[in-house]
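Visitor: I'm new to this structure and would like a close look at one part of it. Could you take me through the sheet and the helices that pack around there?

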Amino acid sequence: MPQIRIVLVETSHPGNIGATARAMKNMGFYELALVAPRQFPHAEATARAAGADDVLAGARVYASLGEAVADCHLVVGTSARQRSIQWPLWTPRQCAENVWRRPASHRIAIVFGRERSGLSNEELDLCHFGLRIPCNPDYASLNLAAAVQIVVYELHLARGQAVPEPKSALATHAELESFYRHLQQTLQDIGFLHSRKQLPSIMRRLRRLFGRAGLEKREVDILRGILSCAQRQARKENSC
Ligand code: SAH
């Protein structure tokens, strides 16, 4: 079965980390990653974890979200907000159905944001899909650990239900990130962008596009080959 990692970004309240560990273990998930937690380890986290202190003890701490998901094949970002940009958004149920169809060798990260401000746009750019828990539109922001609980519950219910997709060698997050850096550099080299101000929104849309496609490693290699070729042509023209 694919491996599920719950990632909490810059959590302020250690109690929420403990409650997340408990929610995870209740549903049979054990892999917790913490990105720059404000206070960890902490007595409050241990107290709220109740019997799930093994999940806390096994939690890995990272300096950035990029590092926490570098080896993952699918990264899902959760948010209470509806973003203006077209973003493939799942409910927890759709996410659960999709996740278990992935090949057993895949690593999947579900990312949760800060208590106050959620995930930044830059962090959501690192995610291939979004997840929103349907709720009262006038009061849509759940407590962090409550949001984790709903997501892992749906994952638990759907476990063992899905027929796995055939094995494919999807590119990892780190491979995709170096492709995006290469793409961005090429867009500049070939003069596609008229001003640097366009860069973030164009890159955001391209990330969504490639994220939806689910690129395999070999496809990334072909695309990078095309980019290198375009860069060489642009250098030749510039030197004429
Ligand atoms: N004001 C923040 C809310 C943060 S709540 C915002 O607008 O994003 C803390 C975290 O809990 C969020 O970053 C998200 O990971 C999760 N969360 C809370 N409510 C959610 C919802 N309705 N759907 C999906 N995730 C939610």
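Guide: Here is a walk from the whole chain to the sheet, and then on to the helix contacts.

A word on the ground rules: this is a predicted model, where local features need pLDDT of at least 70 and side-chain atom pairs count only at pLDDT 80 or more, while totals for chains, interfaces and linings use all residues. Residues are numbered from 1 along each chain as its sequence is written, and side-chain values use heavy atoms, with hydrogens and water left out.

The protein chain has 10 helices and 7 strands; these are DSSP runs numbered from the N terminus, helices being H or I with at least four residues and strands E with at least two. Its radius of gyration is 19 Å, close to the 18 Å that the globule rule gives for 240 residues, so the chain is as compact as a globular protein of that length. (That radius is taken over C-alpha atoms, and the rule is 2.2 Å times the number of residues to the power 0.38.)

Now the sheet. It is open, its 7 strands pair in parallel, and they come in the order β3-β2-β1-β6-β4-β7-β5. Two strands count as paired if DSSP finds at least two bridges between them. At the edges stand β3 (60–62) and β5 (89–90), and each has a single partner strand, so one side of each is left without a neighbour in the sheet. The partner of β3 is β2 (residues 31–35), joined to β3 by 3 bridges. In one of them, Val-35 is matched with Tyr-62 of β3.

Follow the chain past β2 and you reach the loop that leads to α2 (43–49), where Ala-36 sits. Ala-36 has a positive phi, near 40°, though it isn't a glycine. Pro-41 lies in that loop between β2 and α2 too, and a cis peptide bond with omega of about -5° joins Phe-40 to Pro-41.

Back at the sheet, helix α1 (residues 14–26) lies across β1 (3–9) and β2, running at about 160° to β2. Axes here are lines fitted to C-alpha atoms, for helices over the stretch in contact, and angles run from 0 to 180 degrees between N-to-C directions. Helix α1 also packs on α7 (residues 144–158), at an angle of about 15° and with the axes 8 Å apart. The two are therefore roughly parallel to each other (angles under 35 degrees count as roughly parallel, over 145 as roughly antiparallel, 65 to 115 as roughly perpendicular and the rest as oblique). Among the residues that meet are Ala-19, Ala-23 and Met-24 in α1, and Val-148 and Val-152 in α7. Contact means heavy atoms within 4.5 Å. By class, 7 nonpolar, 4 polar and no charged residues make up the contact of α1 with α7. (Ala, Val, Leu, Ile, Met, Phe, Trp, Tyr, Cys and Pro count as nonpolar, Asp, Glu, Lys and Arg as charged, and the others, Gly among them, as polar.)

Helix α7 has another contact, with α5 (residues 92–100): their axes come within 8 Å and cross at roughly 45°. That makes α5 oblique to α7. Arg-93 and Trp-100 of α5 are among the residues involved, as are Glu-154 and Leu-155 of α7. By class, this contact of α5 with α7 has 8 nonpolar, no polar and 2 charged residues.
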